[in-house]
2 protein chains.
Amino acid sequence: MKGILVKEGEKRNTLELTDMPNPDIGAGDLLVRVDHAAVNRTDILNREGKSGYAANPILGVEAAGIVVDPNGHESFSDGDRVMGLVNGGGYAEYVPMPADRAMKIPSALSFADAAAIPEVFLTAYQTLYWIGKLQKHETVLIHAGASGVGTAAIQMANQLSEAQVIVTAGSARKLTFCQEIGADVVVNYKEQAFDEEVLKATANEGVDLILDFIGADYWDKNFKSIKKGGRWVLIGMLGGAELKNFNLMTLMSKYIQLTGTLLTPRSDVYKAELSNEFTQAVMPYMEEGKIRPIVDTVFPIEKANEAHEHMENNRNIGKILLNMNRQ
Amino acid sequence: MKGILVKEGEKRNTLELTDMPNPDIGAGDLLVRVDHAAVNRTDILNREGKSGYAANPILGVEAAGIVVDPNGHESFSDGDRVMGLVNGGGYAEYVPMPADRAMKIPSALSFADAAAIPEVFLTAYQTLYWIGKLQKHETVLIHAGASGVGTAAIQMANQLSEAQVIVTAGSARKLTFCQEIGADVVVNYKEQAFDEEVLKATANEGVDLILDFIGADYWDKNFKSIKKGGRWVLIGMLGGAELKNFNLMTLMSKYIQLTGTLLTPRSDVYKAELSNEFTQAVMPYMEEGKIRPIVDTVFPIEKANEAHEHMENNRNIGKILLNMNRQ
């Protein structure tokens with residue numbers, strides 16, 4: 001089969017479509033013929049060699065395709081359409097997918113739609129519900145609202161929790177899109193102080209929950225934006241990780257719960273439980289079209305380097321996919 | 001009546017026993033004739049003028065005594081023995097105590113025992129269970145093990161949760177005491193690196209929960225001592241509040257939940273709910289003598305200044321009380 005490996009470069013590592021044997025599958029895996037895979041920031045980190053947790057040399061942590069070997073797992077048959085998180089190897093024609101976290105694709109969704117679901121929706125679900133404990137009618141601040149996780153989180157907070165959803169993004173186009181999918185208040189962080197807008201929108205109380213992809217750059221404004229007793233979940237460090245002179249009393253005085261999380265390095269059991277709960281809680285909304293995967297651009301697998309550059313340029317609304325050119 | 005007011009001094013503010021009118025009681029209060037009150041660090045901060053939340057000029061956030069006016073609250077009668085958190089005013093002959101958080105004193109306990117309960121046991125209960133979510137048979141690291149909150153937390157973690165309790169303190173005398181009341185592993189922080197001892201005691205996994213009274217001084221060692229996915233509760237800053245560098249990625253890479261909390265500034269409703277749940281969960285253990293309030297020293301109310309100095313010198317094991325000299 002063909003799959004993407006990283007080729008070291010002087011200035012920049014690149015992605016190279018390479019001939020290789022089909023993958024071995026373990027006892028817990030289905031063998032899936034990939035139709036579409038999706039690009040994630042973790043893939044960029046892996047390409048750059050900054051992250052160590054992908055034991056698999058083939059990039060890609062999620063895919064959608066057809067089961068070609070159920071490998072004895074009775075819940076699946078040859079030809080089933082599935083999507084799910086994989087342990088690397090998504091950017092390839094075939095990938096082993098652990099059966100306990102493979103999700104069947106509703107008939108209303110294409111493979112491209114499906115490939116846009118697992119990583120961002122599971123991350124958003126984990127962050128909003130398992131860690132953030134979002135309750136009905138609470139208020140949530142979602143940064144990077146037009147990102148893959150952002151668009152997933154906006155829709156779930158709106159549909160599942162009827163939350164007041166406050167979103168930041170960096171262009172009018174992105175903000176308009178966020179409103180279309182359920183954001184109640186949108187803030188252009190390049191033109192407005194988001195903490196002031198949050199306080200205006202919450203009668204000076206602040207929000208119950210912050211989904212923070214930014215880290216250091218937004219620290220003080222996030223602190224001003226959170227309610228006493230609020231929950232603050234760190235899921236990305238796009239604005240730096242290093243805080244200088246951090247006063248712990250700030251966390252005590254507002255009773256803040258600050259939790260860091262990552263999805264990719266979590267255990268197999270964790271991913272299976274998350275996939276199962278997500279399927280039950282959210283898939284009915286997808287079948288009805290009330291929540292939908294957001295696809296920005298689809299690149300053919302040969303143009304994987306362009307797909308990475310597109311994400312690095314930060315212009316996407318929703319997911320960037322790789323098409324394996326199946327008929 | 002007599003009550004303690006703060007008198008400003010050049011070098012040090014002092015406590016002065018002063019004649020004053022009996023307190024007014026609000027609709028929600030019982031009037032309690034105080035038998036014993038207890039000293040807390042928050043009182044020291046208030047004496048020093050460093051903390052602003054006590055609207056009441058009389059110091060003291062907890063007391064035990066006799067109801068002399070139930071003020072229409074039908075769950076209480078004249079002469080009932082009660083203990084509880086008060087909104088300031090504990091260092092006095094009479095204090096208004098909100099009826100919804102007054103707890104009846106089991107007959108096995110003296111007023112001195114009872115005065116040693118509310119603040120430290122409620123703080124420890126809140127921290128271990130409401131915030132720390134301690135589960136049966138988990139591992140917990142409790143710093144300042146011989147302090148009031150420490151001794152309460154050790155006993156509850158041991159009796160209610162059969163947890164593995166690891167404790168730090170600064171003298172052999174304190175450590176021996178901690179073992180007597182239920183600590184499984186004790187570490188003298190002056191002689192041993194506690195993170196190394198924690199890792200030894202947990203097969204290199206680290207603890208599920210840290211009760212952190214120390215803050216900045218222990219930061220790196222606490223980080224090394226916590227398990228992936230562990231909970232870390234900040235309840236004191238005895239070792240400073242200021243971190244020079246805080247890398248948020250540390251929280252993400254270990255999925256840590258870091259929560260700050262304080263009890264005294266919480267709402268009346270919060271304190272009432274906490275008192276009620278604590279009464280149900282822990283009082284049966286106190287009636288059987290399996291968990292007990294720990295009293296270090298009792299000072300007569302006239303020696304309140306010495307009581308504060310005793311706490312500032314950090315030599316106490318358990319609570320420091322003020323005796324109102326009732327017969």
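The paragraphs below lead through a predicted model, beginning with how chain A and chain B are related, moving to the surface where they meet, and ending with a pair of strands in chain B.

Chain A is superposed on chain B by a rotation of 180° with 0.0 Å of shift along the axis, and the RMSD of that superposition is 0.1 Å. That is the relation of a two-fold axis. The contact itself draws 29 residues from chain A and 29 residues from chain B. Because 100% of the interface residues of chain A are also interface residues in chain B, the copies meet through the same surface.

The size of an interface is often given as the accessible area lost when the parts come together. Between chain A and chain B the buried area is about 2,500 Å², and carbon and sulfur atoms give 63% of it. On the side of chain A, the residues that lose the most area to chain B are A:Leu248, A:Met252 and A:Tyr255, which together account for 28% of what that side buries.

As for the polar side of the contact, the count of salt bridges between chain A and chain B is zero, whereas 14 residue pairs are in polar contact across the two chains, counting pairs in which both residues have pLDDT 80 or more. Three elements of chain A, namely strand E13 (242-247), helix H8 (249-253) and strand E14 (257-260), each supply at least two residues of the side that touches chain B. The largest share of that side, six residues, comes from E13(A). Sorted by class, the side of chain A that touches chain B has 17 nonpolar, nine polar and three charged residues.

Strand E13 also links the two chains through strand pairing. E13(A) and strand E13 of chain B, residues 242-247, run antiparallel and are joined by five bridges. To follow this pairing in the structure, one can start at A:Asn247, whose bridge partner in E13(B) is B:Glu242.

An antiparallel pairing is also found within chain B, between strand E1 (residues 2-7) and strand E2 (residues 14-19), which pair over six bridges. One position in this pairing is B:Lys2, which stands opposite B:Asp19 in E2(B). E1(B) and E2(B) form a hairpin, with six residues between the two strands.

Returning to the contact between the chains, E13(A) both gives six residues to the side of chain A that touches chain B and is joined by five bridges to E13(B).

Terms used. Residues numbered from 1 in each chain as written. Chains lettered and ligands numbered in written order. Predicted model: local features only at pLDDT ≥ 70, side-chain atom pairs only at ≥ 80, totals over all residues. Heavy atoms only, no water. Least-squares fit on C-alpha atoms with pLDDT ≥ 70 in both. Contact = heavy atoms within 4.5 Å. Buried area = accessible area lost by both parts, 1.4 Å probe. Salt bridge = Lys/Arg side-chain N within 4 Å of Asp/Glu carboxyl O. Polar contact = N/O pair within 3.5 Å; in protein donor to acceptor, adjacent residues only side chain to side chain. Helix = DSSP H or I, 4+ residues; strand = E, 2+ residues; numbered from the N terminus. Nonpolar A, V, L, I, M, F, W, Y, C, P; charged D, E, K, R; others polar. Pairing = 2+ DSSP bridges.
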